[in-house]
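Reader: I am new to this structure and would like to be led through it step by step. Could we begin with what the words mean and then turn to the model itself?

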Amino acid sequence: MPAAQVYPEGMIQLPASYQEYLARQSESVINAVRPILMQSAADKRHGVRVVIHPHDHQAHLDETIPFGTVIEDID
C-alpha cells in the first residue's frame, strides 16, 4: 500500500458539506476527521465514513459514499 498523501491545508478547498459538518463538531472530532476530509477533497472520488466509538471518532474514505458526503456510523 502506498504511503498516505499529505495535503497542505491552504491548497485544498473543502466542499461546503464538509465545512458544515466540521462546524457542528468539537475540536477533538475535527482533529480526528479533518485529514480524511482533506484527502477526500483532494481526490474528489469518494465520500467519508465517520465511525463513532465510545471515546473517539475515526474516519476513512468509503468508495460506496459519493464525494462530498459524510456518513456517521456507530461502532
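Author: Before the sheet can be described, one term is needed: two strands pair if DSSP finds at least two bridges between them. Please keep in mind throughout that this is a predicted model.

Reader: In what order do the elements of the protein chain run from the N terminus on?
Author: The protein chain holds two helices and three strands. Read from the N terminus on, these elements follow one another in the order α-α-β-β-β.

Reader: Which order do the three strands of the open sheet have?
Author: Strand 1 is joined to strand 2, residues 57-62, by six bridges, and these two strands run antiparallel. Strand 1 also pairs with strand 3, residues 70-74, this time in the parallel sense and over five bridges. The edge strands are strand 2 and strand 3, each of which pairs on one side only. The pairing in this open sheet of three strands is therefore mixed, given that a pair needs at least two bridges, and the order of the strands is 2-1-3.

Reader: How many residues lie between strand 1 and strand 2 in their hairpin?
Author: Several bridge partners can be followed along this antiparallel pair: Gly47 has Asp62 as its partner in strand 2, Val48 has Leu61, and Arg49 stands opposite His60. Strand 1 and strand 2 form a hairpin, and the number of residues between them is four.

Reader: Which residue in strand 3 is the bridge partner of Ile52?
Author: Ile52 has to be looked for on the parallel side of the pairing, where strand 1 and strand 3 share five bridges. In strand 3, the bridge partner of Ile52 is Ile74.

Reader: About how many degrees does the direction of helix 2 make with that of strand 2?
Author: Within the sheet, neighbouring strands are turned by 25 degrees against each other on average, when direction is ignored. Helix 2 packs on this sheet and touches strand 1, strand 2 and strand 3, and the angle between its direction and that of strand 2 is about 10 degrees.

Reader: Which element gives the largest share of the largest nonpolar core?
Author: This core has 14 residues, of which Leu14, Tyr21, Val33, Leu37 and Val48 touch the most other members. The elements that give two or more residues to the core are helix 1 (16-23), helix 2 (27-43) and strand 1 (47-52). The largest share amounts to six residues, and the element that supplies them is helix 2.

Reader: Which residues does Leu37 touch, not counting those up to four places away in sequence?
Author: Leu37 is one of the core residues that touch the most other members, and its contacts can be listed one by one. With residues up to four places away in sequence not counted, Leu37 touches Leu14, Tyr18, Tyr21, Leu22, Val48 and Val70.

Reader: How far apart in space are His46 and Ile65, C-alpha to C-alpha?
Author: His46 is found in the loop between helix 2 and strand 1. Leaving aside neighbours within four places in sequence, His46 is in contact with Tyr18, Ser40, Leu61, Asp62, Glu63, Ile65, Pro66 and Phe67. One of these, Ile65, is 19 residues from His46 in sequence, while the C-alpha to C-alpha distance is 5.9 Å.

Reader: Is Asp62 buried or exposed?
Author: Asp62 lies in strand 2, and, apart from neighbours within four places in sequence, Asp62 is in contact with His46, Gly47 and Arg49. The cut-off for a buried residue is under 20% relative accessible area. Because the relative accessibility of Asp62 is 11%, this residue counts as buried.

Reader: What is the phi of Lys44 near?
Author: Lys44 has its place in the loop between helix 2 and strand 1, and this residue is exposed, with a relative accessible area of 55%. Most residues other than glycine have a negative phi. Lys44, although not a glycine, has a positive phi, and its value is near 55 degrees.

Reader: What percentage of the residues in the protein chain is buried?
Author: Strand 1 is mostly covered, with five of its six residues buried. The protein chain exposes about 5,100 Å², and carbon and sulfur atoms supply 53% of that area. Among the 75 residues in the protein chain, the buried ones make up 31%.

Key. Residues are numbered from 1 along each chain as its sequence is written. This is a predicted model: local features need pLDDT of at least 70, side-chain atom pairs count only at pLDDT 80 or more; totals for chains, interfaces and linings use all residues. Side-chain values use heavy atoms; hydrogens and water are left out. A nonpolar core is a set of buried Ala, Val, Leu, Ile, Met, Phe, Trp, Tyr and Cys residues joined through side-chain atoms within 4.5 Å. Buried means under 20% relative accessible area, exposed over 50%, partly exposed in between (1.4 Å probe, protein chains only). Contact means heavy atoms within 4.5 Å. Axes are lines fitted to C-alpha atoms, for helices over the stretch in contact, and angles run from 0 to 180 degrees between N-to-C directions. Accessible areas come from the Shrake-Rupley method with a 1.4 Å probe; for residues, only the protein chains shown count as cover.
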